[in-house]
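Hi,

Here is the structure I said I'd pass along. Have a look at it, and then read on for what turned up.

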Amino acid sequence: MNPVASPPDVPPSHAVANLREGIETFLRFARGKVWQEASRHEKLHALSIAVRRPMLDAMRDTERRYRDQDSKRLYYLSMEFLMGRALGNNLTSLKLYDEAKTIIAELGVDFEEIQELEQDAALGNGGLGRLAACFLDSLASLDMPGFGYGINYEFGLFRQTFLNGYQHEKPDHWLDEDGSPWLIDRAGESITVPVYGSIAHTTIDGVYKPKWVGFKEIVGVPHDMPIVGFGGRTVNFLRLYTARSSDEFDIGIFNSGDYIAAVQHKINTEAISKILYPSDSVDRGRELRLTQEYFLVACSVRDIVKRYLKTHNSFDDFAEKVAIQMNDTHPALTVVELMRLFIDDYGLPWEQAWSITVATCGYTNHTLMPEALEKWPFDLIERLLPRHLQIMQEINRRLLAEVERRYPGDTAMVQRVSLFDESERRNVRMGNLAMAGSHSINGVAALHSELVKTALAPEFHKLYPERFNNKTNGVTPRRWLLHANRPLASLITRAIGDSWIRNLDDLRQLEGFVDDAGLLDRLDSVKSRNKLALAHLTKKMTNIVIDPSSLFDVQVKRMHEYKRQLLNILHVVDRYWQLAEDRQTPLVPRTFFFAGKSAPGYFMAKLIIKLIHSVGEVVNADPRTRDWLRVVFLPDYRVTLAEAIIPAAELSEQISTAGKEASGTGNMKLALNGALTIGTLDGANIEIRDEVGEENIFIFGLRADEVARLVAEGYHPEHYLGSSRDLRRVVDSIASGHFSRGDKDIFRPIVANLLSARDEYVHLADLEPYIEAQQRVDITWRDRAQWNRKALLNIARMGKFSSDRTISEYAQEIWNIKPAEMSR
């Protein structure tokens, strides 16, 4: 099979000339320098500004196209947008990457070194924020009018370092002194947001008209990050708000001599956009997090309404021209803020306002874990947002009246549906608010969406079954294959052409090469090259030398007990004892890669990080095992590090407890880059298995229903240890201090959890099946031709998991938005 590759897209010569001229112009007029005089950071800034220029031109043209066609617009509200570096990705989307590389080389500078200077845009933490970034890429690449709204955090989550194997957090200051060249200041479009205050209970013509008075004001200053679609014809934006005080300081207090108090409001206000996810373990932290969420919502909704009213003189068509998607429960206050604006500011009657709000809003649930289903104290909302609480109470009154009318006497349903948790400390349930005020409620994988209906919100599903649907997540192939793995992208394009970049289903054509020894050898060479690059990076980051010819086994994701990094390291300990004590030589050498951050206050996840380091310290130093086993924990996992790890991975660890992972997207990125998956039937693993075939994935462990039944009937971990000497040895060696220099106390909490009937993640129940599945991995990996065929089939069958497919489904089935046609 020898398809003719489509001719490569060649950028027009004037685009290349403009790029060079843009670099020189910026340095000359903004810095008063020429290239040879500029610092490395100035060169990076100059190149970025030159790349930005055609994007801004295209952004204006895009807005004109949307306005001329009166396009319905989608606004995607999210607390996180994990964007990563922009320069290389934008050049890839503009099809100028190779040209920029050539220009920089001609100017005597290494292009890779220039790219390395750029900081990751630290606006997110994990999968939630990275999914949002992929969605923005797909919206622009599909020519759809879709925009992101978020917060312009000064500091990201944190920069992760390790000291003696323990995680330490440092501020992640991602903006340099000059700011980011990718952020366009829109101070002229600032939004004023009220907080605190009280309600004045007034009546007008006998009608109750509450008025929010005595509030403080926060100013939201917008900055737009251009989002360029592939080919550069559509450029949308991500609007990020920075919090500023409405007054620099109180002059009266200042003149009285209390200088700190005079600027206290400014300090408190600007803390709102200071850091992603401040700790909510104390009252002040909880108040700041709720204020952040309202700040995001208030700025976004007011801006959206303002944009709509520029071209419409009534709200009759609002839901036909505006769609708002809430990315998890963080933006749930959107429902109430829309109602407040419609009723208080624009005088709409309740019924009309509610009808428009529900028709406008959609809610995506991302997890069944309790901590993500936010609840806020009643008294906190009453103090911070008194008018919003009134509106919530009225929404709840009408909601419960509907329940009573349709299901009279069902008190259990009333309690579960209510927006208010009437426990000892009264809370407001933000998930219930989002579901009550949205016309669409979706999960992010088939299993997860079913569990949302049957386990998370069965009462809401009973009340509004038509609202519930599934939208399986996806990832953008532009970032995660074309940009992150250029050697593989080039191999694919030479084989089948480049149509896959826009239509990932076209990767199916690779199935025709499954018996092509030449292509399989080239595929193996690409993987080997990527592994060698990761080996060099690992040495640089950790000073650990690894064997690039070993099997690269990768688990990279946020640290959480349900994701079961602990299960992975238990397998490593078993493999260690098989080598060190039983003298069983393994079939293949392995390097186990871990990367991921724990929330600062998550004790157990941080202790698991320490255990991984401690096991690695022993394994990597033991002469009996070090040629066969290596354990590496790469620090500060972020998009840029993922772009180095994922192309080199051969085995993808997706081993969460079944029923706990909503979807996962790392599983998709890794399989798209030719890694085989070992995993449970959880999240999108199920759909990946269905696509790639059972013979091309390593499935093990309990299913979600089996986990639920085991926990309900009584989980007895000792049962599994009693029937296996090897499993007992694994747990006992951790408990005895073998991996902690004789200290039996360090990992006592981990051992206690493993042996507890309350271990809801059932580690020991799945450990033996997991080890058996790993043995199947060894056997398969030894046969390189067989492994490469399976890797090729994984790549070929990943078309479903493009975020283009996901966005097309949202657009057609929830948002009712369409691509804006290009003028001829």
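A quick word on terms before the counts: helices (H or I, at least four residues) and strands (E, at least two) are DSSP runs, numbered from the N terminus. Counted that way, the protein chain has 34 helices and 23 strands. Do keep in mind that this is a predicted model.

Now the overall shape. The C-alpha atoms of the protein chain fit in a box of roughly 90 × 70 × 60 Å along the principal axes. The radius of gyration is 27 Å, which agrees with a compact globule, because one with 824 residues would come out near 28 Å. Of those 824 residues, 61% count as buried. As for contacts with a separation of 6 or more, 76% of them join residues 24 or more positions apart.

On the outside, the chain exposes about 32,400 Å², and carbon and sulfur atoms supply 50% of that. There are 101 positive and 112 negative charges, and their mean positions lie 1 Å apart.

One small piece to zoom in on is an open sheet of 3 strands, in the order S13-S15-S14 with antiparallel pairing. Strands S13 (375-377) and S14 (420-421) stand at the edges with a single partner strand each, so one side of each has no neighbour in the sheet. S13 pairs with S15 (residues 427-429) in the antiparallel sense over 3 bridges. If you want a spot to click on, Pro377 stands opposite Asn427 in S15.

Cheers

Definitions and conventions. Residues numbered from 1 in each chain as written. Predicted model: local features only at pLDDT ≥ 70, side-chain atom pairs only at ≥ 80, totals over all residues. Heavy atoms only, no water. Rg over C-alpha atoms; globule rule 2.2 N^0.38 Å. Buried < 20%, exposed > 50% of the residue type's maximum accessible area, 1.4 Å probe, protein only. Contact = heavy atoms within 4.5 Å. Areas by Shrake-Rupley, 256 points an atom, 1.4 Å probe, with all protein chains shown as cover. Lys, Arg positive; Asp, Glu negative; His and termini not counted. Charge placed at Lys NZ, Arg CZ, Asp CG, Glu CD. Pairing = 2+ DSSP bridges.
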